[in-house]
Amino acid sequence: MTDTSPPAPDHTAPQTNPFSGPQPDDAGRFVHLLRRFAPWLAAIGRLTRHQIRFTLLVIGAGWGTIRESLRPNSWRRPVIYEFRASLRQVVSGGFLSIVVTATLTGLMVVSQAAYWLGFAGMAQMTGSILVSVLVREISPILVGIILMGRSGMLSLTEIGMMVLGGEVRALQARGIDPFLALVMPRTFAFTLGGFTLGMIFAVVSLLMGFVIAHSTGAITTSVWTFFFNVLAAMTTWDYLIIPLKFVLVGFFVGLGACISGLTVSSNDTMATIMPRGFARGIMLVLVVNVLFMLDF
């Protein structure tokens, strides 16, 4: 007779497919970890997106400002009027602060450098030290801070209040581009004002430092010899880099203030607009100086 009993059950372990993905228990643990760290990841993402957004806005607006300024039809009468008014405000508003700050800086840097270099027997290095430390590094930073505090915050406040009050939407409704009417002329006014105030700062700081150092006996040469030694210590790159620093600092301070004013939201107030705009302006000033420091 044939055996018709059922076959014995197979007790071998089932084979698992290594490519079948996570098992239900692994998927549950993954979802639990994801829910646990999701708020932290979302906060990091929001912060990163916010910072990158402003950086991209500055880059795009900077290129747009330069491109639109090359078109003759962009400089119409209202734009020229806005440029002149902004330039007058930047130069006249920051002149006194520049003179006072340059005087104090000259008293501290020039007189002390001349005294200690003369004491160490290295008076011939006074010109190169002043060019490297005062004119090239300290002056652009202080000029940028004064520009931001005296004029940048004013432009930021004006444009921000125009956005919150609906005036920018009214300009758009009348066919006027706020970028051409507000951002471009003010940015170039800050650019020209930064160069002007930077040159004034450099000359006043060196002159007042010479006066104090000469009165104390640290410098015995004439003022013309002193300025000749400073100019002789400048290299060919210095004649290009120093004015370019002042120009770029003014450009980015004005551009950052205008962009910060145009990007305010309905939830913003003066208590939130001004600290954010000032912090962004200082960041742009430092970035410009750090980039020049790395390259040159």
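Helices here are DSSP runs of H or I, at least four residues long, numbered from the N terminus. With that noted, I opened the model, which is a predicted one.

**Annotated segments.** I started from the UniProt record, an unreviewed entry, which places "transmembrane region" at residues 90–109, 115–135, 142–164, 188–211, 223–240, 246–265 and 277–294. I looked up two of these in the coordinates. Residues 90–109 come out as 100% helix and 0% strand, and the C-alpha atoms at the two ends of that stretch sit 26 Å apart. For residues 223–240 I got 89% helix, again with 0% strand; the end C-alpha atoms there are 24 Å apart.

**The core.** Next I went for the largest nonpolar core, and it holds 54 residues. Leu147, Leu206, Phe226, Val253 and Leu255 have the most contacts inside it. The elements giving it two or more residues are H1 (24–69), H2 (77–119), H3 (126–164), H4 (167–173), H5 (178–215), H6 (223–233), H7 (236–262) and H8 (270–295). Which helix gives the most? That is H3, with 13 residues.

I then picked Phe226 to follow outward. Skipping neighbours within four places in sequence, I found Phe226 in contact with Val110, Leu130, Leu206, Phe210, Ile219 and Thr221. Leu206 is also on the list of residues with the most core contacts.

**Ile141.** Staying with H3, I checked Ile141, which is found in that helix. Buried or exposed? Neither quite: Ile141 counts as partly exposed because its relative accessibility is 27%, and that class lies between the 20% and 50% cut-offs. Ile141 touches Val285 and Asn289, once residues up to four places away are set aside. I also took the C-alpha separation from Ile141 to Ile282 and got 8.8 Å, for a pair 141 residues apart along the chain.

**Two looks at H1.** Glu68 has its place in helix H1. I wanted to know whether to call this acid buried, and at 18% relative accessible area it is, since the limit is under 20%. Its contacts, leaving aside neighbours within four places, are Ser74, Phe179, Leu180 and Met184.

Trp40 lies in H1 too, but I have to log this one as exposed, because its relative accessible area is 63%. Trp40 isn't alone out there: Leu33, Leu34, Phe37, Trp40 and Leu41 make a nonpolar surface patch of about 570 Å².

Technical notes. Residues are numbered from 1 along each chain as its sequence is written. This is a predicted model: local features need pLDDT of at least 70, side-chain atom pairs count only at pLDDT 80 or more; totals for chains, interfaces and linings use all residues. Side-chain values use heavy atoms; hydrogens and water are left out. A nonpolar core is a set of buried Ala, Val, Leu, Ile, Met, Phe, Trp, Tyr and Cys residues joined through side-chain atoms within 4.5 Å. Buried means under 20% relative accessible area, exposed over 50%, partly exposed in between (1.4 Å probe, protein chains only). Contact means heavy atoms within 4.5 Å. UniProt positions are given in the numbering used here, feature names are shortened, and annotations may be inferred rather than shown by experiment. Patches are made of residues with over 30% relative accessible area and no salt bridge: like charges are joined within 9 Å, nonpolar side chains (Val, Leu, Ile, Met, Phe, Trp, Tyr) within 5 Å. Accessible areas come from the Shrake-Rupley method with a 1.4 Å probe; for residues, only the protein chains shown count as cover. A salt bridge is a side-chain nitrogen of Lys or Arg within 4 Å of a carboxyl oxygen of Asp or Glu.
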